[in-house]
Amino acid sequence: MRVLLTGGAGFIGSHTAVELMQAGHQVVLYDNFSNSSPDVLSAIQTVVGIAPTTVEGDVRDTQLLTRTLQDNGIEGVIHLAGLKSVAESRLAPWSYYDNNVTGTLSLLKAMSDSHIAKLIFSSSATVYGQPTRVPLAENQTGGSLTNPYGRSKMFVESILRDIVIADASWSIICLRYFNPVGAHPSGRLGENPNGEATHLFPCVVRAATGRAPSVDVFGTDYDTPDGTAIRDYIHVVDLALGHVHAIECIERFCGFDVINLGTGMGYSVLDVIKTFEKACGHPISVRFSPRRKGDVSACWADTSKARDVLHWSATHDLETMCSTALAFALGSIPGKRE
Ligand code: WQD
């Protein structure tokens, strides 16, 4: 299939592009490079052997998006472009709704005008809000959403569901990512946020590689075995492969569905830090801090629907998530390779 990836130069987009191209799909990247670098394009070419067609643009530029879809004969879209920090969304809600909701409406207009009706949407486990029980199955939404980021994703899921109810020719799958982490085994692709890191893995990596004095542990009084918050971390290559399976699924079906992409395993903040210490071979300095506003205590996926519908399951373990994240970071620091 000829697939457009909005946000295709980002952390998840670049890894998804690699797996799609290696599975024989044709890929066009569309990105405004607000949270990614054009350097990723040469990294993809190094890994795959060919460079993906790339258009620099914002998803809110409906005219450019429409031209890109039509000029490249696109048959399906994976919509990854959007803002994704829980903490940041609380400070800049307008920006989150403009990028994530208005941006999606712009894409849907461009797709409709181009007679394209196959869409994979990058949704998030944050739509579950404060879980009442775990593991989380797809029908367990309805928890009080704790931040504009999660609300923006829930709004878009509702818009997409309504579109399919109005026109059954659409084929839309919303993939609810849990916590994507790690890096490509080649060491050429990984998580490299522009500006300040807010997610746990990049923060631990910065402390482990000497680019930060320590890592904050936000909250030690959660109702969990070691008192720190639990998340379902999933290797970004597993997540990318989940998209390949989803694309192959929407080639076969019409309608609407939502599917978790997680491992079904929960790890605490301290579990992650200890695993990084094993990977880097030295202690990592921590600073115990109060809980971060909007965080939930424990969140991990029920993965049975992904297994049954997408015929996909995650395979990478926490050790590999940490070791690949570290290898990528060391490779991108001049002179730091071991
Ligand atoms: C994880 C835990 C923090 C930083 C994610 C992202 C996104 C979404 C899923 C797709 C929390 C703690 C963090 C630090 C810490 N997926 N932490 N010290 O909050 O689960 O959000 O939700 O869209 O990946 O939005 O991820 O990595 O920010 O935090 O103790 O320096 O690590 O309090 O408990 P989060 P995170």
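**Exercise 1. A salt bridge between two loops**

Task: In this predicted model, find which residue meets the side chain of aspartate 221 in a salt bridge, and place both partners in the chain.

Solution: The side chain of aspartate 221 forms a salt bridge with that of arginine 291, at 2.9 Å from N to O. The pair joins distant parts of the chain, 70 residues apart. Aspartate 221 sits in the loop between β8 (215-218) and β9 (230-231), while arginine 291 sits in the loop between β13 (286-289) and β14 (298-299). Next, take the accessibility of each partner. Aspartate 221 has a relative accessible area of 51%, so it is exposed. Arginine 291 has a relative accessibility of 44% and is therefore partly exposed. The structure holds nine salt bridges in total.

**Exercise 2. A helix tied to a strand**

Task: State what the salt bridge of lysine 305 and aspartate 257 ties together, and decide for each residue whether it is buried or partly exposed.

Solution: The two side chains meet in a salt bridge with an N to O distance of 2.5 Å. Lysine 305 belongs to helix α10 (residues 304-310) and aspartate 257 to strand β11 (residues 255-261), so the bridge ties together parts that lie 48 residues apart in sequence. The cut-off for buried is under 20% relative accessible area. Aspartate 257, with 17%, is therefore buried. Lysine 305, with 23%, counts as partly exposed.

**Exercise 3. Further salt bridges**

Task: Identify the salt-bridge partner of arginine 292, and the residues linked with Arg60 in a network.

Solution: Arginine 292 pairs with aspartate 295, and their closest N and O atoms are 3.0 Å apart. Arginine 292 is partly exposed at 26% relative accessibility, whereas aspartate 295 is buried at 18%. Arg60 is linked with Asp58 and Asp98 in a network of salt bridges.

**Exercise 4. The surroundings of the ligand**

Task: Describe the shell around the ligand by its nearest residues, its polar contacts, its residue classes and the elements that supply it.

Solution:

1. The ligand has 22 residues around it, and those that come nearest are Tyr149, Leu200, Asp216, Arg292 and Asp295. Arg292 and Asp295 are also the salt-bridge pair of the previous exercise.
2. Three side chains place an N or O atom by a ligand oxygen: histidine 199 at 3.1 Å, arginine 231 at 2.8 Å and arginine 292 at 2.7 Å.
3. The ligand taken alone exposes 700 Å², of which the protein buries 94%.
4. Sorted by class, the shell has 12 nonpolar, five polar and five charged residues.
5. β7 (179-181), α7 (200-208) and β8 each supply at least two shell residues. β8 gives the most, with three.

**Exercise 5. Helix α7**

Task: Determine how many residues of α7 are buried, and what they pack against.

Solution: Seven of the nine residues of α7 are buried, and the helix is mostly covered. The buried residues are Leu200, Phe201, Pro202, Val204, Val205, Ala207 and Ala208. Leu200 is also one of the residues that come nearest to the ligand. The buried residues of α7 pack against β7, β8, β10 (233-235), α9 (269-280) and α11 (318-331). Just after α7 comes glycine 210, which takes a positive phi of about 80°.

**Exercise 6. A buried arginine**

Task: Locate arginine 176, classify it as buried or exposed, and list its polar contacts.

Solution: Arginine 176 is in strand β6 (residues 171-177). Its relative accessible area is 2%, so it is buried. The side chain makes a polar contact of 3.0 Å with the side chain of tyrosine 128. A polar atom of the arginine 176 side chain also lies 3.0 Å from the backbone oxygen of glutamate 138. Beyond four places in sequence, arginine 176 touches residues including Ser123, Thr141, Glu157, Val258 and Asn260.

**Exercise 7. Valine 286**

Task: Find which strand holds valine 286, which residues it touches, and how far its C-alpha atom is from that of serine 95.

Solution: Valine 286 lies in strand β13. With 29% relative accessibility, it counts as partly exposed. Leaving out residues up to four places away in sequence, valine 286 touches Ser214, Val215, Val217 and Ile273. Serine 95 is 191 residues away along the chain, and the two C-alpha atoms are separated by 32 Å.

Definitions and conventions:
Residues are numbered from 1 along each chain as its sequence is written. Side-chain values use heavy atoms; hydrogens and water are left out. A salt bridge is a side-chain nitrogen of Lys or Arg within 4 Å of a carboxyl oxygen of Asp or Glu. Helices (H or I, at least four residues) and strands (E, at least two) are DSSP runs, numbered from the N terminus. Buried means under 20% relative accessible area, exposed over 50%, partly exposed in between (1.4 Å probe, protein chains only). A residue is near a molecule or strand if one of its heavy atoms lies within 4 Å of it. A polar contact is a pair of N or O atoms within 3.5 Å; within protein, one must be able to donate a hydrogen and the other to accept it, and residues adjacent in sequence count only if both atoms are side-chain atoms. Accessible areas come from the Shrake-Rupley method with a 1.4 Å probe; for residues, only the protein chains shown count as cover. Ala, Val, Leu, Ile, Met, Phe, Trp, Tyr, Cys and Pro count as nonpolar, Asp, Glu, Lys and Arg as charged, and the others, Gly among them, as polar. Contact means heavy atoms within 4.5 Å.
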